[in-house]
Amino acid sequence: MQAEPATYQFDISGMTCASCAGRVEKALRKIAGVTDASVNLATESAAVTTDATVTEQALVHAVEQAGYGAARRFETATPGTQRHGRPSETMSLLLASLLSLPLTAPMFLMPFGVHWALPGWAQWALATPVQFWLGARFYRAGFAALRVRSGNMDQLVALGTSAAYGLSVYHLLAPAGHHAAPLYFEASAVVITLILLGKWLEARAKRQASDAIRALQALRPDTARVSRNGIETRVPITEVVVGDEVVVLPGERIPVDGEVLEGRSHSDESLLSGESLPVPKARGDAVTGGAVNGEGRLRLRTTAIGAESALARIVRLVEDAQAKKAPIQRIVDRVSAVFVPTVIAIALVTLLGWGSARGDWTQALLNAVAVLVIACPCALGLATPAAVMAGTGVAARAGILVKDIEALEITRQLRTVAFDKTGTLTLGKPTLTGLHALDGNDTALLALAVGLQRGSEHPLAKAVLDAAAQRGVQAAEVTDITAVAGRGVQGRQHGHSQLAFGHARWMGELGVDLQSAHALADAAARAGRTQSWLAENAGQGWRLLGLLTFGDAPRPQSRQAVAELRVLGVRPLMLSGDNAAAAKSTGNQLGLANDEVRAELLPGDKVQAIRELAKDGPVGMVGDGLNDAPALAAASVGFAMGSGTDVAMHAAGVTLMRPDPRLVADAIDISRRTVRKIRQNLFWAFIYNVIGIPLAALGMLDPILAGTAMAASSVSVVANALLLRRWTPSARDLNPHQNPGMPA
């Protein structure tokens with residue numbers, strides 16, 4: 001039976017450098033039916049997309065044939081935690097250090113005039129377990145790569161240290177002449193110890209880089225208090241199903257996504273959305289699993305669990321972004337493919353050159369060893385993914401979820417960012433400010449509007465329904481209700497009379513004469529009000545029934561968001577379906593010039609506007625509604641407000657986990673910083689090799705110094721990437737009176 005098309009996530013064991021990652025990726029791509037494979041050295045993981053002909057077993061077998069281990073990663077796995085039986089890094093480093101220290105003691109004592117050295121057999125006894133027990137990993141991985149006719153860092157270490165160790169054994173066993181031949185056991189042992197130290201520091205730094213995912217996954221409670229048949233029992237989280245009633249006590253972490261049925265409290269969502277202030281929760285509000293309940297007891301109805309929960313989706317987005325490769329990484333992969341053979345060739349030329357020219361084959365061998373151990377393929381392999389892990393991780397903590405590395409790369413290049421108005425730059429909670437029935441019967445006009453808007457999720461519809469509820473107005477009987485995208489809503493009254501409720505542009509298309517309410521419309525426009533018109537067609541053509549006006553306050557952070565974009569050199573724009581006067585009034589409040597506000601746009605018009613703007617460079621689009629999805633998809637990078645619809649979030653490259661437009665400038669800022677770190681890391685990774693290898697070949701570095709440089713190279717690029725964790729977003733605090741939503 002064939003498997004369904006799927007994307008698999010694997011933990012890969014045994015990888016030590018960029019060449020290893022490239023070989024695993026190549027092995028996976030060779031399988032017929034694999035449509036995409038991406039291997040990440042920093043997270044020690046692989047993401048594989050297949051068609052219906054490929055099984056999980058086939059993928060694992062391909063990795064094992066390449067000389068590595070693979071284990072399927074599931075929702076609850078934490079990146080980098082599976083080690084497949086690998087010995088303790090800390091214990092290996094400690095033992096190697098204790099055995100190597102006596103070998104290096106003469107070097108430290110010499111500056112004080114003390115000339116002392118261990119006997120040769122004692123040096124051999126200390127160096128041998130370091131070489132063949134603690135250093136066995138290098139031989140195993142090196143031979144595994146050799147079996148598939150490939151090269152990796154382990155081969156360089158094994159060759160170099162084996163040469164120094166072998167030369168020392170030869171001198172130890174050779175008949176003694178007038179002077180005892182020099183021994184280099186300390187070189188082989190110390191180089192292995194230094195590389196183990198580098199691996200330990202590197203692993204520690206990589207764990208810090210993946211702290212964002214680790215922290216998110218730690219938010220999942222193991223159990224939940226479920227109320228069934230009036231009895232509360234604590235059950236494993238895996239046994240909770242959608243529809244279950246869950247009770248959350250004060251101070252407990254909310255175990256599931258749900259809707260509040262009973263109780264009032266505050267929810268601390270800081271680790272989920274970056275929201276620094278507790279969010280009020282009451283009956284009917286949505287809560288997100290992983291958040292901490294405040295002071296009140298809540299009873300919830302479960303709406304999502306497991307892989308469908310908001311927390312799981314957040315983790316998945318961050319993991320996917322970290323697993324993908326930046327375009328520049330492809331160049332590094334091509335370099336890594338020929339790196340090890342090239343280094344071995346340079347080491348061989350160094351050996352033959354020094355030996356032939358000087359006749360000192362001992363020194364020639366030491367120089368060749370230095371060439372082998374200073375080569376830094378690990379630094380090349382870690383330069384990009386370490387920066388991506390750190391950058392996307394710190395962005396996630398700030399409430400910015402990047403879908404993939406391409407979105408991160410393009411975000412830094414944005415020259416223009418276009419915002420939708422309602423719900424993005426404004427609160428998205430308009431209120432009905434005016435009712436103007438041409439026949440003077442405002443109650444009847446509101447009743448018709450309510451009849452048309454029943455069941456609608458549009459913000460203006462909610463404003464109409466709220467106003468009717470406050471005034472006690474009952475909905476008129478309206479049937480055949482149909483939403484007209486980007487225009488409004490239509491229906492029938494008494495089975496024959498047509499009704500249309502929408503903006504002025506649509507009224508013009510229908511042929512409705514708006515002149516009778518022209519003065520009212522002008523007054524509303526000057527006040528910055530959004531206008532909706534209600535018209536009727538009873539068979540003699542369309543006639544205007546009245547005008548409804550709405551007010552929607554700008555978000556407290558919107559003006560600062562516009563200003564921050566200008567500081568970054570990005571031009572802000574507003575694209576709105578609202579009337580021109582209302583849109584420009586809002587724009588003026590936010591610091592937008594009139595030419596930076598475009599109004600009365602249908603969804604298709606927004607797409608066309610985005611395409612025109614893209615001619616001058618990459619353009620971003622920020623929106624939250626269903627009608628924004630086409631424009632989000634058309635933009636170079638789409639930013640979806642987390643309070644918006646799932647459709648908008650699927651169409652966007654970046655999801656903002658709370659409705660704070662300042663996060664757009666923060667996303668651009670962290671994108672630029674991350675790409676800058678990638679370039680810095682690649683520069684240093686190449687510099688280590690471009691400078692270090694020639695110096696070693698020229699005899700200017702001994703093996704111990706070369707080993708130190710190699711260990712330092714990997715640690716330095718990861719440490720440089722970790723500097724991104726000090727980044728602080730500008731969108732730190734929200735208005736305490738605002739209640740931002742979370743994605744459902």
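The following exchange asks what lies behind some of the labels given to this predicted model.

Biologist: Why is the contact of Lys 606 and Asp 420 called a salt bridge?

Modeller: Their side chains meet at 3.0 Å, N to O, and the cut-off is 4 Å, so the pair qualifies. Lys 606 lies in helix 22 and Asp 420 in strand 15, so the salt bridge ties together parts that are 186 residues apart in sequence.

Biologist: Why does Lys 606 count as buried?

Modeller: Lys 606 has 2% relative accessibility, and buried means under 20%, so the label applies. Asp 420, at 7%, counts as buried too.

Biologist: How do you know that the buried residues of helix 22 are on the same side?

Modeller: Pro 603, Lys 606, Val 607, Ala 609, Ile 610 and Leu 613 are buried. They cover an arc of only 160° around the axis, which puts them on the same side of helix 22. Among the elements they pack against are strand 15 and helix 23.

Biologist: What makes Glu 245 partly exposed, and Arg 412 buried?

Modeller: Glu 245 has 27% relative accessibility, and Arg 412 has 19%. The limit for buried is under 20% and exposed begins over 50%, so the first value falls in between and the second falls under the limit.

Biologist: Why are strands 10 and 12 said to stand at the edges?

Modeller: Three strands form an open antiparallel sheet in the order 10-9-12. Strand 10 and strand 12 each have a single partner strand, so one side of each is left without a neighbour in the sheet.

Biologist: How do you know that strands 9 and 10 pair?

Modeller: They share three bridges in the antiparallel sense; pairing needs at least two, so they qualify.

Conventions
Residues numbered from 1 in each chain as written. Predicted model: local features only at pLDDT ≥ 70, side-chain atom pairs only at ≥ 80, totals over all residues. Heavy atoms only, no water. Helix = DSSP H or I, 4+ residues; strand = E, 2+ residues; numbered from the N terminus. Buried < 20%, exposed > 50% of the residue type's maximum accessible area, 1.4 Å probe, protein only. Arc of directions from axis to C-beta. Contact = heavy atoms within 4.5 Å.
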